[in-house]
Number of protein chains: 2
Amino acid sequence: MHIDPSQRSAAHNYTLLTNLVIPRPIAWVTSISPGGIINLAPFSFFNAVGGDPLYVVVSIGQRDDGSPKDTANNLRSGSGFVVNMVTEELMQAMTVSAADFPPEISELGPAGLQTAPSLRVCAPRLAAAQASLECNLHQVVELGSNTLFIGTVVMFHVADALIDDQLHVTGFAPLGRLGSPSMYCRTRDRFNMPRVSYAQWLKQQT
Amino acid sequence: MHIDPSQRSAAHNYTLLTNLVIPRPIAWVTSISPGGIINLAPFSFFNAVGGDPLYVVVSIGQRDDGSPKDTANNLRSGSGFVVNMVTEELMQAMTVSAADFPPEISELGPAGLQTAPSLRVCAPRLAAAQASLECNLHQVVELGSNTLFIGTVVMFHVADALIDDQLHVTGFAPLGRLGSPSMYCRTRDRFNMPRVSYAQWLKQQT
């Protein structure tokens, strides 16, 4: 079946897009307002997009009334932001932080969370997160109802238990975001599928 | 533990980033060269980034020798591209398509796949994909070793079995990309976690 988005409502198109482009990684973003209020909110229009330098994107939609979300305002202020990853023990707190708190209220208290200082950016990280990426704002791209924030990763924080001697990550299983309105997946059902080079593929054919 | 990317090699930083920003959705991109060769390759620096209009990003790294990949050249040509989603039965074919075939060889034959015509863009879609998104190139952003392609989604294709009367998607379980070099996750271990509004949260406190 084909579905032409030009013939459908924006709400339907959004639902379709978010049910098809899955699983999405979740950026649980800490940012800080010019007045010093620490904001915390989850976003799944998020991914790594650059290896050298290290870049991530976080795309933030408008509020229902068309105004910008607190996180978007804070990111524009240039004080940096932190992408904290969401593992299952933090799920309840993440859900609380997703509520539409007014800008003068930090989500940290209601979510029962504490921060730890960042090393390279003003915005703090979540103390309880197993992995956090400190980011500086690199570029902003306006995309209709969304604003795409491109950040440079300037510091990694990873729980000691997840890192071995060679700094390899093991046993890290953050949640993935599935379709709207509120489905998530775990990531422990895994498998390894090595790729083959063109030379190896040619050899297999003979 | 904190890890400062400025003190580490690009290869190590890339590995760390791709092991922490997970699970990543996979764009299995069909594109067409100016000479008519259909290219097929998977990319996990991919996500939805816009709801109205509908936008996706696909970030493509350079080859090891610094030259652009075939998909990047094709996307720049402006003939559109299709993001096909990868479900488990297509995994073996996806792995073959990831090999570094020379530009004059289409990955379709080696991967044992056929295409179906697209409705809005020149690049065809994969006939076997359960879901495909036809995209027009909207904007290109250079990000060091990567190029970020922002596409507008102009047509959805979804297998009939996945769509109900109200055009809701059910039972769709594409694979997610985990850490390098070659780990993937399934997405059937799911749960629902409804969000609460600020008003609902306030009510719960009294």
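**Entry 1: B:Thr95**

I looked up B:Thr95 and found that it counts as buried, at 3% relative accessibility, where buried means under 20% relative accessible area, exposed over 50% and partly exposed in between, with a 1.4 Å probe and protein chains only. The model I am reading is a predicted one, in which local features need pLDDT of at least 70 and side-chain atom pairs count only at pLDDT 80 or more, while totals for chains, interfaces and linings use all residues. For bookkeeping I note that residues are numbered from 1 along each chain as its sequence is written, that chains are lettered from A and ligands numbered from 1 in the order in which they are written, and that side-chain values use heavy atoms, with hydrogens and water left out.

B:Thr95 sits in helix 3 (residues 91-97) of chain B; helices (H or I, at least four residues) and strands (E, at least two) are DSSP runs, numbered from the N terminus. Setting aside residues up to four places away in sequence, I find B:Thr95 touching A:Met193, A:Pro194, A:Arg195 and A:Val196, where contact means heavy atoms within 4.5 Å.

**Entry 2: the two chains together**

I then laid chain A on chain B, which takes a turn of 180 degrees and a shift of 0.0 Å along the axis and gives an RMSD of 0.0 Å, the superposition being by least squares on the C-alpha atoms of residues with pLDDT of at least 70 in both. That is the relation of a two-fold axis.

How many residues of chain A are in contact with chain B? I read 96 residues of chain A in contact with 96 residues of chain B, and because 100% of the interface residues of chain A are also interface residues in chain B, the copies meet through the same surface. The two chains bury about 8,800 Å² between them, 67% of it on carbon and sulfur atoms; this buried area is the accessible area (1.4 Å probe) that two parts lose on being put together, summed over both.

**Entry 3: salt bridges**

I counted a salt bridge wherever a side-chain nitrogen of Lys or Arg is within 4 Å of a carboxyl oxygen of Asp or Glu, and by this rule there are ten over all chains, with four across the interface of chain A and chain B. One pair I looked up is A:Asp4 with B:Arg120, whose closest N and O atoms are 2.8 Å apart. To the side of chain A that touches chain B, strand 11 (residues 146-158) of chain A gives the largest share, nine residues.

Within chain A, A:Asp70 forms a salt bridge with A:Arg63, the closest N and O atoms being 3.3 Å apart; A:Asp70 is buried at 12% relative accessibility, whereas A:Arg63 is partly exposed at 26%.

The side chains of B:Asp189 and A:Arg186 also meet in a salt bridge, at 2.7 Å from N to O. Why does this pair join two chains? B:Asp189 lies in the loop between strand 13 (183-185) and strand 14 (190-192) of chain B, and A:Arg186 in the loop between strand 13 (183-185) and strand 14 (190-192) of chain A, so the pair joins two chains. I find both partly exposed, B:Asp189 with a relative accessible area of 35% and A:Arg186 at 23% relative accessibility.

**Entry 4: cysteines**

I searched for disulfides, meaning a pair of cysteine sulfur atoms within 2.5 Å, and the structure holds zero over all chains. The sulfur of B:Cys135 is 14 Å from the closest cysteine sulfur, in B:Cys122, which is too far for a bond. B:Cys185 is in no disulfide either, and its nearest cysteine sulfur, that of A:Cys185, is 5.5 Å away. B:Cys135 is buried at 0% relative accessibility, and B:Cys185 is buried at 0% as well.

**Entry 5: B:Asp52 and helix 1**

Is B:Asp52 buried or exposed, or something in between? At 44% relative accessibility I have to put B:Asp52 down as partly exposed, and I place it in the loop between strand 5 (46-51) and strand 6 (54-61) of chain B. Leaving aside neighbours within four places in sequence, B:Asp52 is in contact with A:Ala10, A:Leu143, A:Gly144 and A:Ser145.

Last, I looked at helix 1 (residues 10-20) of chain B, where the buried residues include B:His12, B:Leu16 and B:Leu20. What covers the buried residues of this helix includes strand 10 (131-143) and strand 11 of chain A, together with strand 1 (2-3) and strand 2 (24-25) of chain B.
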